[in-house]
Amino acid sequence: HERDLIALREGPQIYEFAFATPDGEEKFIEMRKFPIFVDGEAMYVGTVAMDVTQRKRTEAERLDMERRVLQSQKMESLGILAGGIAHDFNNILLGVIGNIELAAMKSGADSPVRNHLEQADKAAHRAAELANQMLAYSGKGRFVVEKVNLSGLVEELLPLMHSVISKKAAINLRLDKELPLVEADVTQMRQVVMNLVTNASDSLMEKSGAITIKTAIADDGEPGFPGLGGAQKKAGEYIVLTVADDGCGMDEATLSKIFDPFFTTKDKGRGLGLASVTGIIKGHSGKISIESAPEKGTTFRILLPVTQPDSTKELSEIQYVDVGVPEDGAGSKTLLLIDDEPSVRMVGKEMLESAGYKVLAAADGVEGLDIFATHKNEISLVILDMTMPRMDGAETLRRIKAIAPKVPVLLSSGFSEENISGYEGEIRPAGFVKKPYRMKTFLDAISKALYGEAGGA
């Protein structure tokens, strides 16, 4: 008693302990010891016990929400950074790939430098694939969108899965055969499934185990996605893809970094796999969640919106402007190339001139509008970059169409086609070509924009 009173002179002492009730519920109790004074002297020790379970839960929920917000902000910031780098990288790669192709054209098939050019071309396209993974992480990487049955896609991938996973891993499929369709890039959805299955196989660490792949219509309150109903889309408007394993699992420290670009737990690998998955799902207006614990396996759940009957067409489905095919062909065509990257202007101009077109070039939207206003009666087509200083591609497109509504405009970007869609009516573009492009792809897009079909020039 005396020792307690001496200790309490510096202030109340607070203790906290937890216990489980008979029905298994965890409770938290806070105990406070404090002195009770009699005639100004501390004579007794008082104790108060309080049930602080709700307070602890509220605090835990607040901390979890803060963690989620911080993680979301980090992912968004990294996505913006990755997307911006990939966009600029694609512009630079167009200068590399374009010059390689032009050099190959001029050197001939029997040139002693031909093999070196081919090797450089392969390396440049591997770099382009890496940039596309960064675009996928940023959520700006959808390219060819179509209606997809995810159950069918998983079944098609089954032979490939068996060829890449551990021989001790068994794959269990639980697929909904009547699954509604989703709008997706098939190539990227295959990448998502294979990435998750490969990670599940790696988590087994050469031990026997199972990988379960399930597709289903998402229920309201789907595990991992609280609040699916209400203000968001309701049950039945999402499908859920689940990939679960009974492998080694992950601790909280690993889970907090698992979607970061360049983070990997493997001895070899660039760490872009799950980062790309996150971006791909984001680019498809979906959500992803993960549950894992050491030695208890891992479950990934991916939520994708079901295709709606009135779904907006992608830009790739828009009918191209048909201006007819002039008798005198490409030689009579003057094209305006607007791009702020000097190497893109130089390479694009030479590619077009090699095909017989006359080319005017502008360094940005402001300069491009001046040239277009002066030569509007001569210009048959505008090739327009979407990301430029002073005036971006969207505003330049609107102003060009205000001057000449019928002129076809071919959009070009280091981002994907999905991210420049949304133009209707008279400002609708005549097509899209993604950087970095090969010369044939570029010329085919020009031809299609001018004549309505490739090879018209």
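## Getting oriented

Helices here are DSSP runs of H or I with at least four residues, strands are DSSP runs of E with at least two, and both are numbered from the N terminus. With that in hand, welcome to this predicted model. The protein holds eleven helices and 15 strands.

Of its 457 residues, 44% count as buried. The surface left exposed comes to about 23700 Å², with carbon and sulfur atoms supplying 53% of that area. Contacts also reach far along the chain: among those between residues at least 6 apart in sequence, 68% join residues at least 24 apart.

## A five-stranded sheet

A good place to start looking is an open sheet of five strands, set in the order β5-β7-β8-β10-β9 with mixed pairing. β5 (169-175) and β9 each have a single partner strand, so they stand at the edges, and one side of each is left without a neighbour in the sheet. From one strand to the next, the twist averages 10°.

Two helices can be found against these strands. Helix α4 (residues 150-164) packs on the sheet and touches β5, β7 (209-217), β8 (238-245) and β10, with a direction that makes about 170° with that of β5. Helix α5 (residues 186-203) lies across β7, β8 and β10, and runs at about 25° to β8.

## Strand β10 and its partners

Now follow β10 (residues 298-305). Eight of its eight residues are buried. Thr298, Phe300, Ile302 and Leu304 point one way from the strand, while Thr299, Arg301, Leu303 and Pro305 point the other way. Both sets are buried.

On one side, β8 and β10 run antiparallel and are joined by eight bridges; here Ile239 stands opposite Leu304. β9 also pairs with β10 in the antiparallel sense, over six bridges, and Ser289 has Arg301 as its bridge partner. β9 and β10 form a hairpin with five residues between them, and Glu295 in the turn has a positive phi of about 65°.

## Two helices that cross

Elsewhere, helix α8 (residues 342-354) meets α11: their axes come within 11 Å and cross at roughly 70°. Angles of 65 to 115 degrees count as roughly perpendicular, so α8 is roughly perpendicular to α11. On the α8 side, the contact is made by Gly348, Met351, Leu352 and Ser354. α11 brings Met439, Phe442, Leu443 and Ile446 to the contact. The crossing of the two helices is right-handed.

## Backbone details in the loops

Which two residues does a cis peptide bond join? They are Lys435 and Pro436, and omega there is about -5°. Pro436 lies in the loop between β15 (431-434) and α11 (439-451), the helix that crosses α8.

Two other loops hold residues that have positive phi without being glycine. Ser285, with phi near 60°, sits in the loop between α7 (273-283) and β9 (287-292). That loop leads to β9, an edge strand of the sheet described above. Arg390 has a phi of about 65° and belongs to the loop between β13 (379-385) and α10 (393-403).

Is Arg390 buried or exposed? Exposed means a relative accessible area over 50%, and Arg390 has 65%, so it counts as exposed. In contrast, Arg301 of β10 is buried.

Note on methods: Residues numbered from 1 in each chain as written. Predicted model: local features only at pLDDT ≥ 70, side-chain atom pairs only at ≥ 80, totals over all residues. Heavy atoms only, no water. Buried < 20%, exposed > 50% of the residue type's maximum accessible area, 1.4 Å probe, protein only. Pairing = 2+ DSSP bridges. Axes fitted to C-alpha atoms, helices over the stretch in contact; angles between N-to-C directions. Contact = heavy atoms within 4.5 Å. Areas by Shrake-Rupley, 256 points an atom, 1.4 Å probe, with all protein chains shown as cover. Parallel < 35°, antiparallel > 145°, perpendicular 65-115°, else oblique. Left-handed = near helix turned anticlockwise from the far one by under 90°.
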